[in-house]
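Q: Please take a close look at a single part of this protein. I am new to the structure, so explain each term as you go.

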Amino acid sequence: MRNDQPYQHEKELLYSLAKGEEEALKAIYLQFWKPLYLSAYNVLKDKEACEDIVQEIFIRLWHRRETLSISTSLAAYLFTATRYQVFHLIKKLPARAELLENVADRFLADAPDVPLYAKDLQEQINRAVERLPQRCKHIYTLSRDQHLSYKAIASQLQISPKTVENQVSIALKKLQHALGREILIAALIVLVNKL
């Protein structure tokens, strides 16, 4: 692709990236660097750490370009990767309790395409939930969508609370497998914010 020719579609951009075209990486970098940085900074309030996180995201994107499989939008993928790296850093910090306060609100406050991102995540979650075994799906839905306790679900379905716990655990493992760990973490952030 010529340097003066803009990328018409995301698929074209990702295809060019996979072929090793540095212009594709540059286009992605120019479009997403600042929003990703702001998303990380809004949580960490550490300029250098946020710059390092975002830089690492683009380095990994380049190194994984040939095997990259993005089932969401590129924006969703990059914001999810950023959030994952921020959480990873928070886990390493000794005084992380303060950072975890209202973390969902802070992640979503400055993200420019949160409504689109949340919609994309919700659609992916819905598709993954639909593929769960019937009993597992029903219990998961009662737990997550109707916010019933394990005890309430057990009473309603006349099963043990342990069975409910096992079924929710199975559902989460299947969703993690279907969506990927990073997407699931981001989905939980978005869903927590909606409660």
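A: What follows starts with the whole chain and then turns to one pair of aromatic rings and its surroundings.

This is a predicted model, where local features need pLDDT of at least 70, side-chain atom pairs count only at pLDDT 80 or more, and totals for chains, interfaces and linings use all residues. Residues are numbered from 1 along each chain as its sequence is written, and side-chain values use heavy atoms, with hydrogens and water left out.

The protein has eleven helices and zero strands. Helices (H or I, at least four residues) and strands (E, at least two) are DSSP runs, numbered from the N terminus. Of the 195 residues, 41% count as buried. Buried means under 20% relative accessible area, exposed over 50%, and partly exposed in between (1.4 Å probe, protein chains only). A contact means heavy atoms within 4.5 Å. Among contacts with a separation of 6 or more, 64% join residues 24 or more positions apart.

Now the rings. A pair of aromatic rings is described by the distance of the centres and the angle of the planes. Rings of Phe, Tyr and Trp (its six-membered ring) pair if their centres lie within 6.5 Å; planes under 30 degrees apart count as stacked, over 60 as edge-to-face, and the rest as tilted. By this rule there are four aromatic pairs. In one of them, the ring centres of tyrosine 29 and tryptophan 33 lie 6.5 Å apart with planes at 45 degrees, so the pair is tilted.

Both residues sit in helix H2 (residues 22-44). They are four residues apart there, about one helical turn. An α-helix has 3.6 residues a turn, so residues three or four places apart point the same way. Tyrosine 29 is partly exposed, at 30% relative accessibility. Tryptophan 33 is also partly exposed; its relative accessible area is 22%.

The pair belongs to a wider group. Ring pairs link Tyr29, Trp33, Tyr37, Tyr41 and Phe58 into a cluster.

Another ring has a charge over it. Arginine 65 lies over the face of tryptophan 62, 3.9 Å from the ring centre. The rule asks for NZ of Lys or CZ of Arg within 6 Å of the ring centre and within 35 degrees of the ring normal.

Helix H1 (residues 10-18) has Leu13, Leu14, Ser16 and Leu17 as its buried residues. Seen down the axis, these fall within an arc of 160 degrees, so they line one face of H1. That arc is taken from the directions from the helix axis to the C-beta atoms. On the other side of H1, Lys11 and Tyr15 are exposed. Glycine 20 follows H1, with a positive phi near 90 degrees.
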